[in-house]
Amino acid sequence: MIDNKRIKRRATLMRPLLLPLILYIGLLAVAVSFVPDMEDTPWRTIVALLPMVPGLFLVLGILRMTAQIDEMERRILLEAVAFSFILTLLLLLTFGLLGLVGVPRPSPIIIAAIMCFLLLLGKLLANRKYG
């Protein structure tokens with residue numbers, strides 16, 4: 001059964017995150033496209049860090065949204081975060097041990113992508129459990 005009221009509430013809470021998310025993605029594309037070809041100047045560092053400005057607003061928006069959700073949504077989010085954290089930790093420990101035998105470690109970008117994927121998977125599992 002689809003709970004339309006819950007979906008509308010989620011959409012209302014997510015709306016303030018759209019602008020920072022779009023700006024973050026856009027500035028990330030700019031940084032990834034231009035920084036490797038830039039000369040070694042202070043501007044290179046500034047352009048590389050530019051996506052972090054909307055990223056900070058995104059974090060603040062997520063924290064504000066988390067404070068406004070009901071108990072069930074918090075429980076679902078808590079289980080998703082715990083699922084993501086513990087599996088990411090396990091993967092990092094595994095890669096650390098594999099590093100002893102020469103397996104290269106993944107970049108922080110790959111780790112962040114894995115963490116986000118596991119968070120989404122945890123959220124799907126928790127939604128299925130409670131919902």
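**Notebook: Asn127 and the whole fold**

I began with the neighbours of Asn127 and found that, leaving aside residues up to four places away in sequence, Asn127 touches Arg6, Arg10 and Ile76. I note at once that this is a predicted model, and I read the contact list with that in mind.

Next I looked up where Asn127 sits in the secondary structure, and I placed it in helix H6, which covers residues 108-130. Is Asn127 buried or exposed? I entered it as buried, because its relative accessibility is 18% and the cut-off for buried is under 20%.

I then turned to confidence, where I found a mean pLDDT of 91 for the protein, with 98% of its residues at 70 or more. Going through the elements, I recorded the lowest mean pLDDT, 81, for helix H1 (residues 4-14), and the highest, 94, for helix H5 (residues 71-99).

For the fold as a whole I counted 6 helices and 0 strands, and reading along the sequence I wrote the pattern down as α-α-α-α-α-α. I also checked how far apart in sequence the contacting residues lie: among contacts between residues at least 6 apart, 70% join residues at least 24 apart.

How does the radius of gyration of the protein stand against that of a compact globule of 131 residues? I noted 18 Å for the protein, whereas such a globule would have a value near 14 Å. Beside this I set the spans of the C-alpha trace along its principal axes, which come to about 55 × 40 × 20 Å.

On burial, I found that 17% of the 131 residues count as buried, and Asn127, at 18% relative accessibility, also counts as buried. The exposed area of the protein is about 10,100 Å², and I noted that carbon and sulfur atoms supply 75% of it.

My last entry concerns charge: I looked up 14 positive and 8 negative charges in the protein, and the mean positions of these two sets are 10 Å apart.

Technical notes
Residues are numbered from 1 along each chain as its sequence is written. This is a predicted model: local features need pLDDT of at least 70, side-chain atom pairs count only at pLDDT 80 or more; totals for chains, interfaces and linings use all residues. Side-chain values use heavy atoms; hydrogens and water are left out. Helices (H or I, at least four residues) and strands (E, at least two) are DSSP runs, numbered from the N terminus. The radius of gyration is taken over C-alpha atoms; the globule rule is 2.2 Å times the number of residues to the power 0.38. Buried means under 20% relative accessible area, exposed over 50%, partly exposed in between (1.4 Å probe, protein chains only). Contact means heavy atoms within 4.5 Å. Accessible areas come from the Shrake-Rupley method with a 1.4 Å probe; for residues, only the protein chains shown count as cover. Lys and Arg count as positive and Asp and Glu as negative; His and the chain ends are not counted. The place of a charge is taken as NZ of Lys, CZ of Arg, CG of Asp or CD of Glu. pLDDT is the predictor's confidence in each residue, from 0 to 100.
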